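Visitor: I have not looked at this structure before. Could you explain some of the terms used for it?

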Amino acid sequence: MPPTTPADPWETLHTPALLGTDRRPLPADPPTGSPAHRTTAQAVDRTDPATALLELAALAAVRRRAGALPAPATEPPGPPAPEDPRPELPPPAARRLSLLLSNRGAGSSSSHALANLAELLPQWLTTARSRGYRPPAALVPALLDAARARSELRPDAVALAGPLGRWLAAQNPDWRFVLRTTTDPAPAAELPEDDRLWHEGLFAERVTHLTALRRSDPAAGLALLRSSWPTERAEDRLLFLDALQEGLSLADEPFLEAALGDRSKNVRATAAELLSTLPGTALAHRMAERARTAVRLSERGTHLLVSPPAACDAAMQRDGIALKSPTGRGERAWWFGEVIAAAPLAVWSGTTGLTPDQLLALRVGDSIDETSSSWADDLREAWARAAVRQQDAGWARALLGPAPAPGRGTRTGRAPRTAGAPAKLLSVLPAAERAAWTAAFVEVHGLGEAFQLLGACATPWTPPLSTAVVAALDRAAASGAYPWSHSGVLGMTERALAPGTATAVEALAASAAPASAWGETFARLAGTLRFREAMLAELDG
C-alpha cells in the first residue's frame with residue numbers, strides 16, 4: 001500500500017475557518033514539519049478554539065513563507081527605457097511628491113489637520129510639469145498607480161512620467177491607460193508612424209490616437225477619420241466627432257456638413273454644434289436667416305419683436321434642432337432658443353447697428369404694444385448659450401453686466417440675475433477679468449452664491465480675489481454662520497487661495513474663540529496654505 005502523503009497544515013485549517021470551529025473541530029497536532037514547528041503548534045492553547053485557529057494559521061503561514069523558493073529569473077523585457085533629457089526634481093520636491101503620493105502627514109505641529117493631501121496632488125503635478133521636471137525613477141510606479149486610481153490626474157502624471165512611464169506601461173497591464181492618455185503636446189511615441197493603432201487598437205486607444213493627431217496635424221486626423229467613418233458604430237462616431245474639436249476649422253466644414261445627414265440623431269446634433277462654433281459656415285448662414293425671421297427690431301427701434309418658428313421642418317431638424325423638447329419646454333420656445341443659440345452673434349449688430357449692451361436694454365415682446373418677460377428670458381438665455389459656444393467675450397460682458405458694486409447691492413441680499421449661467425459666461429473672459437468680476441461679486445454678495453463663479457476662476461486665485469474670499473469668510477464667522485454651511489467654498493479655498501494669504505488666515509485663527517469651529521477651520525486652512533507655499537517654493541527652486 002503506497003505511503004499516505006502528509007496533510008498540509010495550512011489546508012487542514014480551511015474547513016474550520018469556513019464552517020466555524022463549532023461545526024468542524026481543529027486538526028490534531030501536526031505530525032509533520034520541523035521539530036520546532038511541531039513543538040510550537042502543540043503549545044497552542046486550545047481552550048478557545050477560535051483564538052487557537054488564528055494562532056495555528058499564523059504558524060502555518062510563517063512555515064509556508066519560510067520554505068518558499070525564489071522564482072526562476074526571467075529574461076529582461078527588451079531594450080531599456082529611452083533617456084529622458086529633462087532635469088530631475090530637486091530633492092525637497094521629490095520628497096514632497098513621495099509624501100503626496102502616500103497621503104501621509106495629514107497633521108501638523110499645531111495639531112490641526114491639514115487638507116487631504118491627495119487633493120493637493122493635481123496642483124503639484126501641474127506645476128511640476130510646467131517647470132519641465134522629471135520625477136525620480138523610483139517614484140514613477142507610485143505616480144502611475146495614483147493616476148490609475150484617479151483619471152483626472154492622468155494627463156499631467158503621464159506627461160511627468162515621460163518615456164519611463166510609457167516603457168513601464170508596456171510591461172504592466174495595470175498601467176495600459178498610459179498608452180491611451182493624450183498629453184499636450186503629444187510625445188512622438190504617442191503618434192505611430194502607420195495607422196495600425198487606428199485600425200486594430202482598442203476604442204479608447206483609437207480616440208487618443210485621433211486626438212493626438214488632430215493636435216499635431218488636423219488635416220491628417222480628419223483624413224484618418226474619413227477613411228473608416230462609414231463602418232464605425234453610431235456611439236463611436238459620436239466620440240470621434242468630439243475629437244474634431246482639436247484644431248477645428250473651416251477645413252472640417254464639408255465633413256461636418258455631410259454628418260448632418262447621419263442616421264444617428266446624436267451625431268447630427270454634435271455635428272451641428274461644432275459647425276455653429278465656426279463663423280462663415282453654410283449652417284451659420286442658415287441659422288442667421290432663421291434668427292432674423294424670429295427676432296427683428298421694431299420700426300421705432302424701441303422693441304425687439306419675437307416671432308418664434310411655427311414648426312420644425314425637415315431642414316431645421318437636419319441642422320440639429322430636435323422636433324421635441326427634451327426639457328419639457330413648449331415646442332415653439334424650444335425651437336426659438338435653439339435657432340438663436342446656433343446663429344452667429346455678429347448677425348445682431350450687423351442687422352440692427354446696435355451694440356450688445358444696447359440690444360439687451362430693449363424691451364422684448366410679441367408686438368410693439370406688449371412686452372413679454374418670458375420671451376425676454378428665452379432670448380437672453382439663448383444669447384448666453386451662443387456667447388459661450390462662440391467664445392464671444394463682448395457678448396459675455398454685456399450679458400453678465402458690470403461687476404457688482406456696493407451701491408448696486410447689499411452683502412446680505414441675493415445676487416442679481418444675469419442671462420444664462422454666470423459661471424459659464426465668466427469662463428469666456430480673460431483670467432484676470434474673471435477674477436476681478438468674481439472678487440467684486442464676493443465683496444458685495446458674500447459666498448452664498450459664489451461657488452460656481454469661484455470654480456470658473458483660474459487657480460491659484462489672484463491676490464485681490466483671495467483677499468475678498470478671506471474677508472467674506474471673516475464676515476461669515478462674525479455673522480454666526482457655521483463653517484459647514486460654506487463647506488464647498490472652504491474645500492476650494494484650500495486648493496485655490498493664494499498662499500500669500502496665509503498670514504491673514506492665521507490672524508483670523510488667532511482671534512477666533514478657543515476650540516471654536518471657526519478657529520479650527522481657519523487653523524486648518526492656514527496650515528494648508530503654508531504647506532502649499534513650501535510645496536510651490538520647492539518646485540521653483
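Guide: Helices here are DSSP runs of H or I with at least four residues, numbered from the N terminus. By that naming, P460 is found in the loop between α24 (451-455) and α25 (463-478). The model is a predicted one.

Visitor: What makes the peptide bond from T459 to P460 cis or trans?
Guide: Its omega is near -5°, and the bond is cis.

Visitor: How do you know that the span of α4 agrees with its number of residues?
Guide: The expected span is 1.5 Å times one less than the number of residues. Helix α4 (residues 49-66) has 18 residues and should therefore span 26 Å; the C-alpha atoms at its ends are 26 Å apart, which agrees.

Visitor: Which residues of α4 are buried?
Guide: A52, L53, L56 and A60 are. Viewed down the axis of α4, the buried residues fall within an arc of 100°, so they line one face of the helix. On the other side of α4, L54, V62, R65 and A66 are exposed.

Visitor: Why is A515 called exposed or buried?
Guide: Exposed means over 50% relative accessible area. A515 has 72% relative accessibility, so A515 counts as exposed. This residue lies in the loop between α27 (502-511) and α28 (517-540). Its phi is near 60°, a positive value in a residue other than glycine.

Visitor: Why is Q391 called partly exposed?
Guide: Partly exposed lies between the cut-offs of 20% and 50%. The relative accessible area of Q391 is 49%, so Q391 is partly exposed. Q391 lies in the loop between α20 (373-390) and α21 (393-400), and its phi, near 50°, is positive in a residue other than glycine.

Note on methods
Residues are numbered from 1 along each chain as its sequence is written. This is a predicted model: local features need pLDDT of at least 70, side-chain atom pairs count only at pLDDT 80 or more; totals for chains, interfaces and linings use all residues. Side-chain values use heavy atoms; hydrogens and water are left out. Helices (H or I, at least four residues) and strands (E, at least two) are DSSP runs, numbered from the N terminus. Buried means under 20% relative accessible area, exposed over 50%, partly exposed in between (1.4 Å probe, protein chains only). The arc is that of the directions from the helix axis to the C-beta atoms.
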